[in-house]
Amino acid sequence: KNMLSELLSRVISKQVSRKGAEMPLLKRFSEIRIMDSTEFGVSNKAKDQFKGYGGLGREAIAQVQLEYELKAGKVTMLSIGSAIDSDAILGMKNIDSIPAKTLLIRDVAYFSPKNFAQLQSKGLYFVSRHKPQWSLFVKKDGVHLEPLALKEIEQELRSQNRKYMELEVWVGDIYKVPLRLIANLLTPDQAQKRLDKKRRSGAQISQLSKDSACLNMFLTNLDLDVTADEIYQLYRLRWQIELVFKTWKSVFRLHLTHSMNPCRLECLILVKLIWIMLNWTILKFIEEKIKK
């Protein structure tokens with residue numbers, strides 16, 4: 001199993017695009033680590049190792065976690081585990097070994113206000129989406145912190161004729177971490193698509209969900225000399241990993257497995273991933289030759 005994991009890491013490193021790694025902005029960071037995960041249902045026979053969320057068809061779920069270092073073009077973390085493994089815990093697991101001035105680009109599930117405080121204390125940078133459940137505060141009269149509602153952000157954006165709105169905010173009820181908030185408005189169609197996606201997943205549509213659906217919001221500890229537009233460009237680098245995951249599932253059917261014991265299932269997933277990436281290499285080679 002360890003040998004298969006190492007082999008897969010080497011193959012993936014050659015496949016994830018380094019497009020964007022030449023951006024002048026990226027030279028200021030010692031490393032740029034992009035982290036994401038994908039999950040899929042497996043046989044109930046493996047539910048002890050790959051615990052799911054419960055409910056029909058959700059008893060056993062495997063999750064693949066991947067972290068990629070963009071500048072060097074290498075996989076820094078790859079694991080196959082249970083869906084109930086906390087992204088936030090896994091994301092902080094090896095944080096002490098990450099060099100200072102590294103930029104972390106991750107989905108919101110990997111972060112929390114507590115994590116933000118820890119990362120800042122270690123000299124690490126990050127870009128994250130804002131989670132609607134995190135409390136936001138702003139300073140009034142330069143002294144007192146007062147709550148900031150999402151509706152206020154929306155109203156302010158609608159009253160301005162600007163693409164982005166930037167604020168200094170304090171995040172979290174307990175930690176109150178000072179960060180930059182960058183927000184922009186989505187179109188009504190985009191907001192409706194977000195709500196429809198939530199409904200399809202079975203999630204409850206609360207007032208908070210409705211208030212946040214029309215907003216794109218990012219939190220970062222990067223200096224003001226990194227513009228709002230550059231923050232968006234940095235976060236878009238994470239979509240490369242998302243594209244890899246979508247290809248694994250939609251084209252190569254990674255998620256289709258049959259009943260077997262957990263150890264064999266984990267090895268099968270690793271072998272399928274290696275097979276996928278090798279096929280990808282061949283297809284890219286053919287594409288390049290045809291173009292020539």
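Contact here means heavy atoms within 4.5 Å, and that cut-off is the one to keep in mind on this tour of a predicted model.

**Helix α4**

Begin by selecting helix α4, residues 150–159, and within that helix pick out Leu 150, Ile 153, Glu 154 and Leu 157, which are buried. An α-helix has 3.6 residues a turn, so residues three or four places apart point the same way. The buried residues of α4 lie on the same side of the helix, because they cover an arc of only 100° around the axis. Now add β6 (136–140), β8 (165–171), β9 (177–185), α6 and β10 to the selection, since these are the elements against which the buried residues of α4 pack.

**Helix α3 and what covers it**

Move next to helix α3, residues 113–121, where the buried residues are Pro 113, Asn 115, Phe 116 and Leu 119. These four also lie on the same side of their helix, as they cover an arc of only 155° around the axis. The elements that cover them include α2 (87–92), β4 (103–106), β5 (125–129), β8, β9 and β10.

Stay on Asn 115 for a moment: this residue is buried, with a relative accessible area of 6%, and if neighbours within four places in sequence are left aside, Asn 115 is in contact with Ala 88, Met 92 and Tyr 110. Following the chain past the helix brings you to Gly 123, whose phi is positive, near 75°.

**Strands β1 and β2**

Select Gln 65 in strand β2, residues 61–69, and then Asp 36 in strand β1. Are these two residues buried or exposed? Gln 65 counts as buried because its relative accessibility is 1%, and Asp 36 is likewise buried, with a relative accessible area of 5%.

Apart from neighbours within four places in sequence, the contacts of Gln 65 are Met 35, Asp 36, Ser 37, Met 77, Leu 78, Ser 79, Asp 87, Leu 90 and Tyr 110. Asp 36, with residues up to four places away in sequence not counted, touches Val 64, Gln 65, Leu 66, Asp 107, Tyr 110, Arg 238, Ile 241, Glu 242 and Phe 245. If you wish to draw a distance, take Gln 65 and Ile 84, which are 19 residues apart in sequence and 12 Å apart in space from C-alpha to C-alpha. A second distance to draw runs from Asp 36 to Lys 291, which are 255 residues apart in sequence and 32 Å apart in space, C-alpha to C-alpha.

**The largest pocket**

Turn now to the largest pocket, where about 2000 Å³ of space lies. Its lining is made up of 42 residues, and those to select for its centre are Asp 107, Val 108, Arg 129, Lys 197 and Glu 242, which lie nearest to that point. Colouring the lining by residue type would give 14 nonpolar, 13 polar and 15 charged residues.

Which elements each supply at least two residues of this lining? They are β1 (32–41), α5 (188–200), α6 (207–213), β10 (215–220) and α8 (239–250), and α8 gives the most, with 6 residues. While α8 is selected, look also at Val 244, which is found in that helix and counts as buried because its relative accessibility is 3%. Val 244 and Met 277 are 33 residues apart in sequence, and their C-alpha atoms are 9.6 Å apart in space.

**Two nonpolar cores**

For the largest nonpolar core, which has 49 residues, select the residues with the most contacts inside it: Leu 26, Val 42, Leu 103, Ile 105, Leu 222, Leu 234 and Trp 248. Helix α9, residues 262–291, contributes the largest share of this core, 7 residues. A second core, separate from that one, has 31 residues and includes Val 171, Ala 183, Cys 214 and Leu 215.

Return then to Val 42, which, leaving aside neighbours within four places in sequence, is in contact with Phe 50, Ala 60, Ile 61, Ala 62, Thr 257 and Leu 265.

**Two loop lysines**

Finish in the loops. Lys 101 is found in the loop between α2 and β4, and its phi is near 70°, a positive value in a residue other than glycine. Lys 176 is found in the loop between β8 and β9, with a positive phi near 45°, again in a residue other than glycine. Lys 176 counts as partly exposed because its relative accessibility is 29%.

Note on methods: Residues are numbered from 1 along each chain as its sequence is written. This is a predicted model: local features need pLDDT of at least 70, side-chain atom pairs count only at pLDDT 80 or more; totals for chains, interfaces and linings use all residues. Side-chain values use heavy atoms; hydrogens and water are left out. On a 1 Å grid over the protein atoms alone, a cavity is a set of points where a 1.4 Å probe fits but cannot get out, and a pocket is an open set with protein on both sides within 12 Å along at least five of seven lines; lining residues have an atom within 4 Å of a point. Grid points are joined across faces, edges and corners, and a volume is the space filled by probe spheres set on the points. Ala, Val, Leu, Ile, Met, Phe, Trp, Tyr, Cys and Pro count as nonpolar, Asp, Glu, Lys and Arg as charged, and the others, Gly among them, as polar. Buried means under 20% relative accessible area, exposed over 50%, partly exposed in between (1.4 Å probe, protein chains only). The arc is that of the directions from the helix axis to the C-beta atoms. A nonpolar core is a set of buried Ala, Val, Leu, Ile, Met, Phe, Trp, Tyr and Cys residues joined through side-chain atoms within 4.5 Å.
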